[in-house]
Every structure is written in structure tokens, then in C-alpha cells.
Amino acid sequence: MIAGYPFDLETREVEAAMRGVEPEPIRGACAQISGRWYPVMQIGAKVTGQDRRDFTSAEVYRALISLGLPCRPTPPAAS
């Protein structure tokens with residue numbers, strides 16, 4: 001459930017949606033997709049087509065974890 005709507009997402013669909021998308025600056029929860037870290041709100045907006053005001057980062061975070069994507073509550077340390 002994201003923004004009160006059920007979404008039947010698959011990992012490959014999320015990866016395809018984010019392909020070629022430049023990650024925004026990370027200030028909180030994030031997920032790694034195809035080797036790049038993205039803010040969960042950016043992923044949620046791109047994958048669902050919903051306005052970011054309509055869902056919470058916690059909803060997207062839970063959905064991404066359930067897909068088996070690496071997630072962090074805070075940005076990873078710069079390498």
C-alpha cells in the first residue's frame with residue numbers, strides 16, 4: 001500500500017522505472033537500485049505516478065524492503 005492504494009510492484013519494474021534517472025540529493029531514507037542510491041520519495045513518485053504529498057517515506061521504504069532492495073534509514077557515507 002502506497003498513498004492508500006495497493007501496488008503490485010516487482011523489483012524489475014522498479015529498476016526499469018529508475019533507469020536513466022539521476023538521483024536527487026539524499027536527506028533521509030534511501031534505497032539502492034542498480035548500484036545507485038535514491039531517496040525513497042523520488043522512487044515512490046516515479047514508480048507510482050503519485051504526488052509526493054500523497055504518501056510517506058515509510059510506506060515506500062516498507063514496499064522497497066519487501067521487494068528485497070537494499071534500504072537505509074539515512075544516507076550512506078560518502079566513499
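At what angle do the axes of α2 and helix α3 cross? Hold that thought for a moment, everyone, and thanks for coming. One reminder before we look: this is a predicted model.

So, to the answer. The axes of α2 and α3, the latter being residues 57–66, cross at roughly 80 degrees and come within 9 Å. The two helices are therefore roughly perpendicular to each other, since angles of 65 to 115 degrees count that way. If you want to find the contact on screen, look on the α2 side for Val40, Met41, Ile43 and Gly44. Their counterparts in α3 are Ser57, Val60, Tyr61 and Leu64. Sorted by class, the residues of this contact are six nonpolar and two polar, with no charged ones.

Now let's turn to the other helix partner of α2. Helix α1 covers residues 11–18, and its axis comes within 9 Å of the α2 axis, crossing at roughly 100 degrees. That makes α1 and α2 roughly perpendicular to each other, too. From α1, the contact uses Val14, Ala17 and Met18, while α2 brings Gln42, Ile43, Lys46 and Val47. Here the classes come out as five nonpolar residues, one polar and one charged.

Let's stay with α2 and go to threonine 48, which sits in this helix, residues 40–48. Is threonine 48 buried or exposed? Its relative accessibility is 13%, so threonine 48 counts as buried, the cut-off being under 20%. For those of you who like polar contacts, the side chain of threonine 48 reaches the backbone oxygen of glycine 44 at 2.6 Å. A polar atom of that threonine 48 side chain also lies 3.0 Å from the backbone nitrogen of glutamine 50. Leaving aside residues up to four places away in sequence, threonine 48 touches Ile2, Phe7 and Phe55.

Next, the sheet. How are the strands ordered? It is an open sheet of three strands, running β2-β1-β3, with antiparallel pairing. β2 and β3 (71–72) stand at the edges with a single partner strand each, so one side of each has no neighbour in the sheet. β1 and β3 are joined by two bridges, and one pair to look for is alanine 31 with its bridge partner cysteine 71 in β3. Our helix α2 turns up here as well: α2 packs on the sheet, touching β1 and β2, and its direction makes about 80 degrees with that of β2.

On the other side of β1, four bridges join this strand, residues 30–33, to strand β2, residues 36–39, and the two run antiparallel. Isoleucine 33 stands opposite arginine 36 in β2. The two strands form a hairpin, with two residues between them.

My last stop is serine 34, found in the loop between β1 and β2. What is its phi? Serine 34 has a positive phi of about 50 degrees, although this residue is not a glycine. And where does that leave its surface? With a relative accessible area of 59%, serine 34 is exposed, as the cut-off for that is over 50%.

To wrap up, keep α2 in mind as you rotate the model. This helix is roughly perpendicular to α3 and roughly perpendicular to α1, and it packs on the sheet through β1 and β2. Threonine 48, in the same helix, is buried, whereas serine 34 in the hairpin turn is exposed. Thanks, and I'm happy to go back to any of these views with you.

Note on methods:
Residues numbered from 1 in each chain as written. Predicted model: local features only at pLDDT ≥ 70, side-chain atom pairs only at ≥ 80, totals over all residues. Heavy atoms only, no water. Buried < 20%, exposed > 50% of the residue type's maximum accessible area, 1.4 Å probe, protein only. Polar contact = N/O pair within 3.5 Å; in protein donor to acceptor, adjacent residues only side chain to side chain. Contact = heavy atoms within 4.5 Å. Pairing = 2+ DSSP bridges. Axes fitted to C-alpha atoms, helices over the stretch in contact; angles between N-to-C directions. Parallel < 35°, antiparallel > 145°, perpendicular 65-115°, else oblique. Nonpolar A, V, L, I, M, F, W, Y, C, P; charged D, E, K, R; others polar.
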